[in-house]
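Student: I would like to go through the reasoning behind some of the labels used for this protein, one step at a time.
Tutor: Then let us look at the model together and set each value against its cut-off.

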Amino acid sequence: MIGVGHARIASLELLAALSLLLVVALPRKRRAREDGMGAMQAVILSVEDYGGTRTVRHAAPITIGRTPSATLIVQDAQVSRLHARIDLSDGILCVRDLDSRNGTLVNARPIDAPVALHVGDEIDVGTTRIVFRGVGAWT
């Protein structure tokens with residue numbers, strides 16, 4: 001009888017190992033994104049500064065500032081190293097000030113909490129104006 005007990009334990013161990021292997025190996029069904037941006041589209045911004053106007057496309061989150069680690073680097077002495085951030089909040093694209101020295105304006109109004117962005121909104125950091133053009137393709 002002792003041999004039968006060991007065989008059962010070995011069978012159970014093998015069954016458990018196979019079950020674990022199946023759980024790990026089978027493809028998982030991915031949840032649909034709930035953030036309103038679909039399949040990782042780009043945030044499109046027009047950046048107007050002393051050097052002219054440039055178009056920037058980047059995935060959220062986007063940090064704005066003078067530091068080389070910022071996503072959107074702005075060469076403006078009135079802009080803090082990490083000045084503002086564009087990010088998704090409850091599925092809505094928002095901009096927030098990161099406790100910058102000179103503050104962030106949206107449509108000429110100072111902000112002190114995250115503000116939802118709409119196409120055409122103007123974000124002012126220092127003397128640099130950033131216009132939100134929408135969300136679209138990477139090209």
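Student: Why is Ser80 called buried?
Tutor: This is a predicted model, and in it Ser80 has a relative accessible area of 15%; because buried means under 20%, Ser80 counts as buried. Its place is in the loop between strand 4 (72-73) and strand 5.

Student: What makes the link between the side chain of Ser80 and the backbone nitrogen of Arg101 a polar contact?
Tutor: The side chain of Ser80 reaches that nitrogen of Arg101 at 3.1 Å, and the cut-off for such a pair is 3.5 Å, so the distance falls within it. Leaving out residues up to four places away in sequence, Ser80 touches Gly65, Arg66, Ser100 and Arg101.

Student: How do you know whether Thr63, in strand 3, is buried or exposed?
Tutor: Its relative accessibility is 13%, and since buried means under 20%, Thr63 counts as buried. The side chain of Thr63 also reaches the backbone nitrogen of Thr71 at 2.9 Å, and the residues that Thr63 touches, beyond those up to four places away in sequence, include Leu72, Leu82 and Ala84.

Student: Which residues have the most contacts inside the largest nonpolar core?
Tutor: They are Leu45, Ile64, Leu72, Ile86, Val95 and Ile130, in a core of 21 residues. Strand 1 (42-49) is one of the elements that give two or more residues to this core, and strand 1 gives the most, with 3 residues. As for Leu72, its contacts outside four places in sequence include Leu45, Ile64 and Ile130, together with Thr63.

Methods:
Residues are numbered from 1 along each chain as its sequence is written. This is a predicted model: local features need pLDDT of at least 70, side-chain atom pairs count only at pLDDT 80 or more; totals for chains, interfaces and linings use all residues. Side-chain values use heavy atoms; hydrogens and water are left out. A nonpolar core is a set of buried Ala, Val, Leu, Ile, Met, Phe, Trp, Tyr and Cys residues joined through side-chain atoms within 4.5 Å. Buried means under 20% relative accessible area, exposed over 50%, partly exposed in between (1.4 Å probe, protein chains only). Helices (H or I, at least four residues) and strands (E, at least two) are DSSP runs, numbered from the N terminus. Contact means heavy atoms within 4.5 Å. A polar contact is a pair of N or O atoms within 3.5 Å; within protein, one must be able to donate a hydrogen and the other to accept it, and residues adjacent in sequence count only if both atoms are side-chain atoms.
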